[in-house]
Amino acid sequence: MATSVKKQSPAGKFSIDVKKIRAKARQNTDNGPVTETYGADLPTVLRLLNESLATELICVLRYKRHQYMASGIHSEPVATEFATHAAEEQQHADLIAARIIELGGEPDFSPQGLTARSHSEYVEGKDLRDMIKENLVAERIAVDSYRQFVTYLGDRDPTTRRMIEGILAMEEEHAHDMADLLEKG
């Protein structure tokens with residue numbers, strides 16, 4: 001935006017060169033919201049978003065399996081928690097896929113290589129406690145991955161950063177929920 005901003009007016013007030021912004025907006029309209037002031041490396045952001053998409057999809061699948069495989073005396077509320085988390089992870093996947101489209105990319109839903117693109121793993125778990133622990137591990141992986149993504153984005157893509165920060169907050173909540181279940185169990 002440096003080319004469109006007048007550094008300081010004589011009175012020291014901020015101003016914007018609206019004529020220049022309007023002229024630039026008419027150029028490269030095929031790029032949608034990605035203008036020349038987009039500060040991040042777009043291919044890197046799209047790759048990271050597709051890795052995040054894969055991570056969320058693997059989490060959905062793992063939570064769904066755990067929801068249905070949960071058994072034992074305390075399994076009903078835990079299975080309900082797994083179902084809630086699966087739905088929230090699906091919402092994250094939908095947000096990420098929509099952002100990929102907004103940035104001119106293509107969301108990769110292909111099952112081929114899904115686990116290779118995902119930061120988290122698909123671990124079935126042998127019993128209820130093991131399932132909870134595996135979900136906690138996956139949430140911790142997501143938390144660290146998203147924190148690094150947020151740091152990478154900085155102020156270069158604030159829209160994607162805010163979206164990832166929102167997902168990060170929910171992943172932290174999920175990790176807390178799983179840790180709480182382990183403590184109670």
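In the predicted model, His-85 is buried, with a relative accessibility of 1%. This histidine belongs to helix H3, which spans residues 75-102. Two residues far along the chain were compared with His-85 by C-alpha position. Met-170, 85 residues away in sequence, has its C-alpha atom 9.5 Å from that of His-85. For Asp-177, the separation along the chain is 92 residues and the C-alpha distance to His-85 is 9.7 Å. Asp-177 is part of helix H6 and counts as buried because its relative accessibility of 18% falls under the 20% limit. His-85, at 1%, is assigned to the buried class by the same cut-off.

A second histidine, His-119, is located in the loop between helix H4 (114-117) and H5. Its relative accessible area is 34%, so His-119 is classed as partly exposed. The C-alpha atom of His-119 is separated by 7.5 Å from that of Ser-52, although the two residues are 67 positions apart along the chain. Ser-71 occupies the loop between H2 and H3. With a relative accessible area of 54%, Ser-71 lies over the 50% limit and is therefore exposed. Between Ser-71 and Glu-134 the C-alpha distance is 16 Å, at a sequence separation of 63 residues.

Glu-134 also appears in the analysis of internal space. The search of the whole structure returned 1 cavity of 30 Å³ or more. The volume of the largest cavity is about 40 Å³. Its lining consists of Arg-62, Glu-121, Val-123, Glu-134, Val-137, Ala-138 and Ile-141. By residue class, this lining comprises 4 nonpolar and 3 charged residues, with no polar ones. Helix H5, covering residues 128-153, makes the greatest contribution to the lining, with 4 residues.

Charged side chains were next examined for pairing. Side chains of opposite charge can pair when their charged atoms come close. Over the whole structure, 11 salt bridges were found. One of these joins the side chains of Lys-24 and Glu-36, with an N to O distance of 3.5 Å. This pair connects distant parts of the chain, with Lys-24 in helix H1 and Glu-36, 12 residues apart from it, in the loop between H1 and helix H2 (42-69). The two partners fall into separate accessibility classes: Lys-24 is partly exposed at 31%, whereas Glu-36 is exposed at 52%. The assignment of Glu-36 follows because its value is over 50%.

Arg-147 takes part in a salt bridge with Asp-144, in which the closest N and O atoms are 3.9 Å apart. Both residues lie within helix H5, and their spacing of 3 residues corresponds to about one turn of the helix. Asp-144 has a relative accessible area of 45% and is partly exposed; Arg-147 is likewise partly exposed, at 41%. Arg-147 also pairs with Glu-172, the closest N and O atoms of this salt bridge being 2.8 Å apart. The contact between Glu-172 and Arg-147 links distant parts of the chain, since Glu-172 is in helix H6 (residues 158-184) and Arg-147 in helix H5, 25 residues apart. The relative accessible area of Glu-172 is 33%, which places this residue in the partly exposed class. Elsewhere, Arg-99, Glu-102 and Asp-157 are joined into one network by salt bridges that share partners.

On the surface, Phe-14, Ile-16, Val-18 and Ile-21 form a nonpolar patch of about 340 Å². Of these residues, Ile-21 is placed in helix H1, which runs over residues 18-25. Ile-21 is partly exposed, with a relative accessibility of 34%. Because patch residues need over 30% relative accessible area, the value of 34% for Ile-21 meets that requirement. Helix H1 also holds Lys-24, the partner of Glu-36 in the salt bridge described above.

Definitions and conventions: Residues are numbered from 1 along each chain as its sequence is written. This is a predicted model: local features need pLDDT of at least 70, side-chain atom pairs count only at pLDDT 80 or more; totals for chains, interfaces and linings use all residues. Side-chain values use heavy atoms; hydrogens and water are left out. On a 1 Å grid over the protein atoms alone, a cavity is a set of points where a 1.4 Å probe fits but cannot get out, and a pocket is an open set with protein on both sides within 12 Å along at least five of seven lines; lining residues have an atom within 4 Å of a point. Grid points are joined across faces, edges and corners, and a volume is the space filled by probe spheres set on the points. Helices (H or I, at least four residues) and strands (E, at least two) are DSSP runs, numbered from the N terminus. Ala, Val, Leu, Ile, Met, Phe, Trp, Tyr, Cys and Pro count as nonpolar, Asp, Glu, Lys and Arg as charged, and the others, Gly among them, as polar. Patches are made of residues with over 30% relative accessible area and no salt bridge: like charges are joined within 9 Å, nonpolar side chains (Val, Leu, Ile, Met, Phe, Trp, Tyr) within 5 Å. Accessible areas come from the Shrake-Rupley method with a 1.4 Å probe; for residues, only the protein chains shown count as cover. A salt bridge is a side-chain nitrogen of Lys or Arg within 4 Å of a carboxyl oxygen of Asp or Glu. Buried means under 20% relative accessible area, exposed over 50%, partly exposed in between (1.4 Å probe, protein chains only).
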